[in-house]
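Here are two short exercises to work through with the model open beside you. Take your time with each task before reading its solution.

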Amino acid sequence: MELVKVDRHLVTGEQSSTELPFIVANTSPMNMFELEHEHIIPVFVKDNEPVISHQDFINCVQEVSGQVFPHETILKPSIRVSHPIKGRIPEAKDKPAKELLEHEKTIYYERMAFVLEIPSISSTINGNKLNLTIGGIKAYNLDNLYNRKGADEHFKVFIGFQNKVCCNMCIWSDGYTGTIKARSITELMKQIFALFVEYNIENQLTLLRQFPEYYLTESQFVTFLGRTKLYQYLPAQEKKTLPEFMFGENQLSMVARDYLADEDFSRTDTGDISLWNLYNLFTGANKMSYIDSFLNRGLNASQVIHHLTESFNKNEPSWFLR
C-alpha cells in the first residue's frame, strides 16, 4: 500500500491537531499552557508524591512519537478535558464560593483526552483524506490515589488514522492499548514505544480499504439497525456467541438520523449505504461518547464493520443481517 507524502513545506509543527473536535460529549477544549501553569497536580495521599500528570503524559507521547517518526511533521496536541475537580487555597477556606478571587481557586480535570496529528503520513480512502494520528486518554479515577508513589497508574494510548472530512478516529486493535499500567514516566514511555513500533500502518489501511467495496441495501440497513438494538437486551450467554457491540440507544439514533441526512456519509439515492459510510456514521456518533468509553467504542466500530466485510467475503450469514 502506498502512502501519500505531503509536501512538508505546507505543514508546520506549530499548527494544532484537528480544527474540529475529535470528541464532544461533556468535554471542553484545553491547551498545554493552561494545563502546565494553571492546574494543580493530584498526589498520592500516603506520601504526597505527585502522579504522572496530564501534561507529563502528553509530553511522553510527543517524545516517543518524535523518536518513532523522526522525519515527520507532528502537530501540536489537541486536548479535551472533563470532570473538573475544584478547590481553594487555605487562606480562602472560609469565603463563600461567590466571593472567591481567581487566585484563590484551584482546579484540575479528572479526565483528559488528546490527539497528535502527523499530516506528513496520509492516505486517501473513498475520496476521504486520512492522516496518521496518535492519542491517549488519562483518567485519574482509575488510579488508587489513596496509595503511595509506585502504585500502578493507568493510561490508554492509540495510533491510527483520522478522517479529515469529519475528524472521526479510525482505531484498529493493533494500534490500541486499552490499559497501560506504569509506575514511572520511564515505564510509560517504554510501553508507548512498543505499541508504536509494533503498529502496522499498511495493515490497517488495507483493511479500511475493503469497507467502500461493500454495500447494505436499505432493507439490510434497517435489519442491521434493528438487530443492534435487540443486541442490548439479549441474555448474557447468547451475547457471548456474537461479535461484541458497544453502542447504545443514543448513538444508534444518531446513526439512523445521519443515514438519511449526513452531508458526507448518508445513503445513496436508492437507499444503499457503503460499509465505509456506515463505519463513519458510527465513528461520528462515537464523538458523543464520554472520554471513558470513547476509544473502546471507536475500536468496536472497526470490529463490527470488519465483521460485516468478512461475512460478505466468505459468503457467510451475519447475525446482524439475518
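**Exercise 1. Strand β3 and its partners**

Task: In this predicted model, find how strands β2 and β3 pair, and over how many bridges. Then work out how β3 pairs with β4.

Solution:

1. Begin with β2, residues 78-88, which pairs with β3 in the antiparallel sense over 10 bridges. To see the register, look at Gly-87, which stands opposite Thr-106 in β3.
2. Now turn to β4, residues 128-139: β3 and β4 also pair in the antiparallel sense, over 12 bridges. Here Ser-123 stands opposite Leu-130 in β4.
3. Follow the chain from β3 into β4 and you will find a hairpin with two residues between the strands. Asn-126, in that turn, has a positive phi of about 55°.
4. Finally, check how covered β3 is: of the 21 residues in this strand (105-125), 17 are buried.

**Exercise 2. Gln-55 and its surroundings**

Task: Decide whether Gln-55 is buried or exposed, and list which residues it is in contact with, leaving aside neighbours within four places in sequence.

Solution:

1. Locate Gln-55 in helix α2, which covers residues 54-68.
2. Compare its accessibility with the cut-off: buried means under 20% relative accessible area. Gln-55 has 9% relative accessibility, so it counts as buried.
3. Apply the sequence filter, and the contacts of Gln-55 are Met-32, Leu-35, Glu-36 and Ile-41.
4. Look again at Leu-35 from that list: the side chain of Gln-55 reaches the backbone oxygen of Leu-35 at 3.3 Å.

Terms used:
Residues numbered from 1 in each chain as written. Predicted model: local features only at pLDDT ≥ 70, side-chain atom pairs only at ≥ 80, totals over all residues. Heavy atoms only, no water. Buried < 20%, exposed > 50% of the residue type's maximum accessible area, 1.4 Å probe, protein only. Helix = DSSP H or I, 4+ residues; strand = E, 2+ residues; numbered from the N terminus. Pairing = 2+ DSSP bridges. Polar contact = N/O pair within 3.5 Å; in protein donor to acceptor, adjacent residues only side chain to side chain. Contact = heavy atoms within 4.5 Å.
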